[in-house]
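Work through the exercises below with the structure open beside you, and try each task before reading its solution.

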Amino acid sequence: IVPYFRDGFSGIEKTFYSNIKRVLPGHYYKIKEGGLLEKVKYWSVPCFGCRTKVSFFEAVSNVENLLNIAVKKRLISDAPLGIFLSGGIDSGLVTAFAAKNSINPVKTMTIGFDDAQFDERSLSRLVSKRYGTDHSEVVINSDDMIDNLHSVIKSYGEPFGDASALPSNIISKIAAKKLKVVLNGDGGDELFAGYRRQQISPIISKIESYLPFNTARKASGFMLKYLTTPKTSRTTYSFAYRVLSILAEPGNFNKMVKLGQNCLDKNELYFFLNGNIAIDYMNQNNPYHVRYKDHELEDALREWDFLHNLPGVLLTKMDIASMQHSIEARSPFLDTDLVEYALSLPLGLHLHNGKRKRILMEISSKYLPEEITFGTKKGFEIPLYQWMKFDMSEIINDTINTPNTLFFEIFEKQKIELF
């Protein structure tokens with residue numbers, strides 16, 4: 001339960017079910033005589049940042065070539081194929097290379113929202129226009145979410161905390177009417193330092209180089225007492241709030257978890273969870289502590305994103321959303337050759353002076369409109385706060401207050417009622 005509320009999923013190997021485990025990425029199980037299982041590793045990342053003698057423009061050229069090959073290989077299909085196109089660099093580059101390697105116009109599909117803050121349709125249209133794709137759009141609202149909520153929850157087979165599972169499921173459901181294979185941009189942020197948290201980590205390190213550790217921690221903790229929690233992650237205020245909350249954490253490992261987590265932090269968990277579960281959380285040793293406790297913050301976060309969040313959240317989300325509707329989702333950025341090369345490059349080639357995703361931005365400037373290359377990263381977010389507070393409040397309250405709910409066996413009822 002605790003890993004789910006902290007990270008949004010039960011774990012890379014653990015599940016919510018007793019005696020049932022997931023097969024780890026890069027592993028398989030061999031069934032031996034007597035029914036015994038042997039876990040075998042067949043692949044792992046050769047190294048992180050070990051390829052030091054390479055220039056920025058050499059890296060750009062190599063990545064461009066590897067990505068083009070990866071997309072080309074994944075265009076081979078005897079069934080209708082298309083691309084899930086957002087307004088970002090990753091799926092935009094997949095579309096560009098797909099068009100480059102296709103005789104006929106490629107099919108692209110974009111999901112949009114009524115709320116302009118979360119809507120990327122205008123950007124995806126720019127890519128579609130440049131490459132002459134056969135483009136279609138799906139606009140969803142809170143009613144669509146409510147109509148599909150129970151189906152989506154059931155499809156995951158256990159609690160899953162990424163809200164974008166809902167729109168991912170809906171667009172897969174609609175795409176299945178005319179497509180059987182889709183390409184996407186998953187993995188681009190993990191390989192090429194595309195997240196804001198990777199932009200924050202050097203700031204944290206720089207602040208702590210000027211201020212004694214305890215001073216930075218105490219000052220940040222003091223300021224946080226008087227600040228309200230941001231309701232969206234897309235503002236300058238939310239960025240500053242996050243920097244302060246990370247500075248308040250003791251030690252690099254705790255800072256990395258705070259940067260990488262998707263859900264509740266340890267203070268929120270301890271506040272909301274009932275007594276026994278809260279005590280269990282505080283006494284629980286995180287399995288990643290041994291692996292990352294001695295790493296530099298930036299390097300540890302890079303490994304955390306690729307080895308933890310990518311398989312646990314993003315790939316699980318899209319795999320189940322697509323396969324529920326008999327669609328095969330392919331991720332060119334996760335081509336083995338591209339993964340091994342990108343992760344072997346030093347972090348400085350990906351992230352420099354606060355500029356994220358330098359390599360892909362350089363390639364993007366050649367293939368995509370500047371509104372996308374130099375635009376503000378949005379990510380696949382939905383108007384969740386707005387929907388939960390207003391449109392979906394009735395279904396949430398009904399679910400929480402049903403007679404057989406487990407909700408208040410996990411959370412302290414009095415504390416939940418405060419909100």
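**Exercise 1: burial of two phenylalanines**

Phe56 has a relative accessible area of 14% and is therefore buried, as becomes clear in this predicted model once the cut-off of under 20% for buried residues is applied.

Task: decide whether Phe57 is buried or exposed.

Solution: begin with the relative accessibility of Phe57, which is 59%. Exposed residues are those over 50%, so Phe57 counts as exposed.

**Exercise 2: classifying ring pairs**

Task: state what kind of aromatic pair Phe56 and Phe57 form.

Solution: the structure holds 10 aromatic pairs, and one of them joins Phe56 and Phe57, with 5.1 Å from centre to centre and 75° between the planes. Planes over 60 degrees apart count as edge-to-face, and that is the class of the pair formed by Phe56 and Phe57.

Next, take Phe407 and Phe411, whose ring centres lie 4.9 Å apart with the planes at 35°, so that this pair is tilted. Of these two residues, Phe407 is partly exposed at 23% relative accessibility, while Phe411 is buried at 8%.

**Exercise 3: a charge over a ring**

Task: find which residue has its charged end over the ring of Phe56.

Solution: the residue is Arg358, whose charged end sits 4.2 Å from the centre of that ring.

**Exercise 4: the surroundings of Ser172**

Task: locate Ser172 in its helix and list what it touches beyond four places in sequence.

Solution: Ser172 belongs to helix H6, which covers residues 165-175. Its relative accessible area is 0%, so Ser172 is buried. Leaving out residues up to four places away in sequence, Ser172 touches Phe84, Met318, Ala321, Ser322, His325 and Ile327.

Note on methods
Residues numbered from 1 in each chain as written. Predicted model: local features only at pLDDT ≥ 70, side-chain atom pairs only at ≥ 80, totals over all residues. Heavy atoms only, no water. Phe/Tyr/Trp six-rings, centres within 6.5 Å; stacked < 30°, edge-to-face > 60°. Buried < 20%, exposed > 50% of the residue type's maximum accessible area, 1.4 Å probe, protein only. Lys NZ or Arg CZ within 6 Å of the ring centre and 35° of its normal. Helix = DSSP H or I, 4+ residues; strand = E, 2+ residues; numbered from the N terminus. Contact = heavy atoms within 4.5 Å.
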